[in-house]
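Subject: Structure handover

Hi there,

As promised, here is the structure I wanted to pass on to you. My notes on what turned up in it follow just below.

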Amino acid sequence: MIGVVASVLVVAGVGIAVPQLVETISQIELFAQHLGTFTSPIRLSAEANIAVTLVLAAASTERALRLRSNWLDELAG
């Protein structure tokens, strides 16, 4: 159950972070001239972005640590 919740949090966090990152990168003049600009449909306060980042980091760490030991490791041991 913890793995499912962590996976959902990772997917949601990436879904929130990527559009904001693309918007920031698209504001760089070099990219804006060739590709145009992008306006993210998601607007979060600085505090909310920090909270999303912390939750994403914790969930990603949990997934990475859980996936280190899998059923193949148990068969080998």
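Let me begin at one residue and work outwards: Val4 sits in helix α1. With a relative accessible area of 52%, Val4 is exposed, because the exposed class begins over 50%. Please keep in mind throughout that this is a predicted model.

Val4 also belongs to a nonpolar surface patch, together with Met1, Val5, Val8, Leu9 and Val55. Taken together, the residues of this patch have about 580 Å² of accessible area. Which element gives the most to the patch? That is α1, with four residues.

The overall picture

The protein chain has four helices and zero strands, so reading from the N terminus you will meet the order α-α-α-α. Of its 77 residues, 17% are buried. The chain exposes about 5,900 Å², and 70% of that comes from carbon and sulfur atoms. As for contacts with a separation of 6 or more, 56% of them are between residues 24 or more positions apart.

Helix α1

Helix α1 covers residues 2–26, which makes 25 residues. From first C-alpha to last, α1 reaches 36 Å, close to the 36 Å expected at 1.5 Å a residue. While Val4 in this helix is exposed, α1 has buried residues as well: Gly3, Ala6, Gly13, Pro19, Gln20, Glu23 and Ser26. Some of these names come back below, in the contacts and in one of the salt bridges.

The salt bridges

How many salt bridges does the structure hold? There are two.

One of them pairs Arg43 with Glu23, and their closest N and O atoms are 3.0 Å apart. Arg43 lies in the loop between α2 (29–35) and α3, while Glu23 is in helix α1, so this pair ties together parts that are 20 residues apart in sequence. Are the two partners buried or exposed? Arg43 counts as exposed, at 61% relative accessibility, whereas Glu23 is buried, with a relative accessible area of 12%.

The other salt bridge joins Arg63 to Glu62, with 3.3 Å between the closest N and O atoms. The two side chains also make a polar contact, again at 3.3 Å. Glu62 is placed in helix α3, residues 46–68, and Arg63 is found in α3 too.

Where α3 meets α1

Why does Glu62 count as buried? Its relative accessible area is 17%, and buried means under 20%, so Glu62 falls in that class. Leaving aside residues up to four places away in sequence, Glu62 touches Ile2, Gly3 and Ala6. Gly3 and Ala6 are among the buried residues of α1.

Its salt-bridge partner Arg63 touches Gly3, Ala6, Ser7 and Val10, once more not counting residues up to four places away in sequence. Gly3 and Ala6 therefore appear in the contact lists of Glu62 and of Arg63, and buried status for both comes from the accessibility cut-off of under 20%.

Ser7 is worth a look while you have this region on screen. Ser7 is placed in helix α1 and counts as partly exposed, at 29% relative accessibility. The C-alpha atoms of Ser7 and Glu62 are separated by 9.2 Å, with their positions 55 residues apart along the chain.

If you would like a route through the model, you could start at Val4 and the nonpolar patch, go on to the Arg43 and Glu23 pair, and end at Glu62 and Arg63 in α3.

Happy to talk any of this through whenever it suits you.

Best wishes

Conventions. Residues are numbered from 1 along each chain as its sequence is written. This is a predicted model: local features need pLDDT of at least 70, side-chain atom pairs count only at pLDDT 80 or more; totals for chains, interfaces and linings use all residues. Side-chain values use heavy atoms; hydrogens and water are left out. Helices (H or I, at least four residues) and strands (E, at least two) are DSSP runs, numbered from the N terminus. Buried means under 20% relative accessible area, exposed over 50%, partly exposed in between (1.4 Å probe, protein chains only). Contact means heavy atoms within 4.5 Å. Accessible areas come from the Shrake-Rupley method with a 1.4 Å probe; for residues, only the protein chains shown count as cover. The expected span of a helix is 1.5 Å times one less than its number of residues. Patches are made of residues with over 30% relative accessible area and no salt bridge: like charges are joined within 9 Å, nonpolar side chains (Val, Leu, Ile, Met, Phe, Trp, Tyr) within 5 Å. A salt bridge is a side-chain nitrogen of Lys or Arg within 4 Å of a carboxyl oxygen of Asp or Glu. A polar contact is a pair of N or O atoms within 3.5 Å; within protein, one must be able to donate a hydrogen and the other to accept it, and residues adjacent in sequence count only if both atoms are side-chain atoms.
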